[in-house]
Amino acid sequence: MNRLLAVLLLVTGGVAAGCGDDARPPARATLGGFQVEVRTRIDIADGAGAPLLPGARNAIETRHADATYEMKFGAFKIEEPVADPWRALAIEDAVVDGAVMRLTLAGGGSGEITAAGDGALLLTLHAPAGQNRMAFAYTCGSGEHFQGLGGQAFDADHAGEVVPLWVQEEGIGKVTTDDYEAGVWISQGRRHSTHTPIPIVVSSRGYALAWETDARSVVSLCAAERPGVVRVEVWEPTLKLRVFAGPTPKQAIERVTAWTGRPALPPAFTWAPWLDAMFGSANVRRVAAKLRAEGVPSSVIWTEDWRGGNDEGNAYVLEEDWEVDRDLYPDLEAVAADLHTQGFKFLTYNNTFLSKSAPVQAEAIAGGYAIKDAAGAPYLYTGVKFEDSTMLDLSSAAARSWAKGKMMEGITQGADGWMADFGEWLPADAKLASGEDAALAHNRYPVEWARFNHDLMASVGDGVERVYFMRSAYLGSQPLVQVIWAGDQQTDFTPGDGMRSVIPKGIGLGVTGFPFFGHDIGGYSTVGTPTTTKELWFRWVTFGALSPVMRTHHGRMAKHNWNWESDAASIAHPSRWATLHIRLHPYLRAMAGEAVAKGTPMFRSLAVEWPAWSRGWVINDAYVLGDRIVVAPVLDEGATTRLVELPGGTFYPLLGGAAVTVPAAGGSVMVSAAIEDIPAFVPAGALLALLPEGVDTLVDESVAGITSLKEVGDDRELWLWPGGQSRLDEGDGRTYVWDGSALAAGAAGAVTTATWNGAAVTAVDGAFDVVGVGELVLGGGRLTVAGGAAGRKLKVRLR
């Protein structure tokens, strides 16, 4: 290349003055099904030539900067006090070398573009020597939407935002900016502070984008700071950017999760209600007995204070030892055994903190299992108990082995899993046994914490089904996290950190590879907010019931928050909704199977199902449970109605009521929702498979006096809606295909006779009772049932 042209390209940010983009012939290649063209810009199109990542000026930038990381209570203040200006790196040459396009960048930089599988592309950019930041940009599409980035608390669509990605505490309450000058950063979360920052977005243009880095990164999504472009900045010298083709969100998610890996299918009891119980052996037994006596279906009792807890003011605060508190639980083994005989799994609690007041700290430090400071002494910071604390060094094989032995004691005492809490606090200046830079290991700490739990559970080898659930994650956690929850919400309805924040978190986690999602029913933190009220409790119970995992939490003010025992109505309410949740097991199991096979989340945005409807990308106060139940929780205190936005078509209220028809372009309906109810809709032609009434637990074993999943076997109740078609693959060969296209709204009451495998049947109390597999023809609709036991009992209801 002419030396003067090269200089001009560098100075002008990639386009020589007066030369334009056609100054030299382009390099072109088809890689991974994408069409790639490089001149002075990088243009990436789909296989048909439609632009996905159109080139931008000054697309590749680099600089050197020094960062400071101040950590307080798991929150981080990260700044670059010394930073060179960003410098554009012109593309001096692009050469196709077989299956690789090689780039020569100004100043000694380089890059490669390669296929990374069918419908997947990898762009790798290397900074010149001496630089430790890299960035790449491309042009936004008009009206382009972006979902993802993990558990973000405010928005489902991040278009127009600049988002820093760093694992940290979310804070108690949130400010609406990432500016450290707003609020008190050591306690209040920034707008994008999250336990689960995941560097993946799914675009409405028809692709997914992931940047493969352990370092801090910043993405600008068509924001005013960088108008007209998507820009990914990583705090290391190499940027690896992966593009995954759609064109639909489901296809893009399938491809990106094939790369990240997907979790295995959790046990059946995961999809039954989980209830918390604490305050010692006697109370845990009392709660379990009362749940059964009151007919509240549940498969899990989880006991957070098994290691100890104390009243501190109005709060109930956990101890941080790693061993059972024999004062509270003198007979923990017997408690676990008693729960098992009642059809409950027993879950406990663990984290990696090593607090001064717990004997485990001295043991860990003596063994060299804790993180160290630069001088090689134990790294101490003020921890959750407001005392000198440190944490397990997960980079050390010896530390992992020691910790496994300690936590395995809980398994031998009868625990079936636990909350694997925290994972965000690793200081960036710690000295690790591996010798790696802690600033680069920081984001990966929750990945290693997940791996630790995954490997520990897998190593038991006794055939017992177990589950652990986590709140922290990063890229690489996807195949290792069984269940993820939304973190510690405030006990209120507020955006950012109250009940309202859960939906955008679930949406963002879902599209980035975490399909099995739940949240703390009732909230957790009560700082500057009232304790959980009856209204909040009732609203959150209905929300939890129509979530993949339904789990209660006592909250920090455990003895003051409203809960299921606060009055008679509060017992009846969770009983009703826990019954619906457990009965939905066949549907939830089908959706979980789809998540394992294809990565499609169980808790998903409306855009995943209706991608052409632009509003579906933006909505952050409603979601789809699986692929057909649109859920719109009431999120405003005191409200008994809410506006529900829906795509074009006809929808039916889930639990009965008149159909609503929405114009093709989409629209909204105002619905009533008493405190005991939640707006939820299914599209015309939907089919749902439910368990029969009366199931107490999904623990898959026979228990005297308890109706379990084993007792009901393949028996099901099927709900059908007119006006369309649907299919459900429950798993293990059980499938249901429904065609109600010929049936009009209101047909349910008019259809009283049908044929089952050619024989006449008559509805009794609005349901057709049939046995086995085959075909049911009712009023012009046709249901085909396949798989399962030959004598399975089916109750079919036209809704």
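**Exercise 1. Identify the buried residues of helix α9 and state what their number implies.**

Solution. The buried residues of α9 are V502, I503, P504, K505, G506, I507, G508, L509, G510 and V511. Here, buried means under 20% relative accessible area, exposed means over 50%, and partly exposed lies in between (1.4 Å probe, protein chains only). Helices (H or I, at least four residues) and strands (E, at least two) are DSSP runs, numbered from the N terminus. Helix α9 covers residues 502–511, and 10 of the 10 residues are buried, so the helix is largely enclosed by the rest of the structure. After α9 comes G513, which has a positive phi near 110 degrees.

The model is predicted: local features need pLDDT of at least 70, side-chain atom pairs count only at pLDDT 80 or more, and totals for chains, interfaces and linings use all residues. Residues are numbered from 1 along each chain as its sequence is written, and side-chain values use heavy atoms, with hydrogens and water left out.

**Exercise 2. Describe the surroundings of strand β16 and determine which strands pair with it.**

Solution. Begin with burial. In β16, 7 of the 7 residues are buried, so the strand is largely enclosed by the rest of the structure. Both faces are covered: one side carries P197, P199, V201 and S203, and the other carries I198, I200 and V202.

Next, consider the pairing. Two strands pair if DSSP finds at least two bridges between them. Strand β14 (residues 146–150) runs antiparallel to β16 and is joined to it by 4 bridges. Within this pairing, G150 has P197 of β16 as its bridge partner. Strand β17 (residues 207–211) also pairs with β16 in the antiparallel sense, over 4 bridges. There, I200 has A210 of β17 as its bridge partner.

Finally, examine the turn. The hairpin of β16 and β17 has 3 residues between the strands, and G206 takes a positive phi near 110 degrees.

**Exercise 3. For the salt bridges R39 with E37, R255 with D118 and D714 with R734, state the distance and the accessibility of each partner.**

Solution. Side chains of opposite charge can pair when their charged atoms come close. A salt bridge is a side-chain nitrogen of Lys or Arg within 4 Å of a carboxyl oxygen of Asp or Glu. The whole structure holds 51 salt bridges.

1. R39 and E37 meet at 3.1 Å, N to O. R39 is buried because its relative accessibility is 19%, whereas E37, at 21%, is partly exposed.
2. In the pair of R255 and D118, the closest N and O atoms are 3.8 Å apart. R255 lies in helix α2 (residues 249–260) and D118 in the loop between β11 (110–115) and β12 (120–126), so the pair ties together parts that are 137 residues apart in sequence. R255 is partly exposed at 26% relative accessibility, and D118 is exposed at 68%.
3. In the pair of D714 and R734, the closest N and O atoms are 3.0 Å apart. D714 is in the loop between α15 (709–712) and β43 (716–720), while R734 is in strand β45 (residues 734–739), 20 residues apart. D714 is buried at 17% relative accessibility, and R734 is buried at 12%.

**Exercise 4. Locate E181 and determine whether it is buried or exposed.**

Solution. E181 lies in the loop between β15 (162–165) and β16 (197–203). Its relative accessibility is 62%, so E181 counts as exposed.
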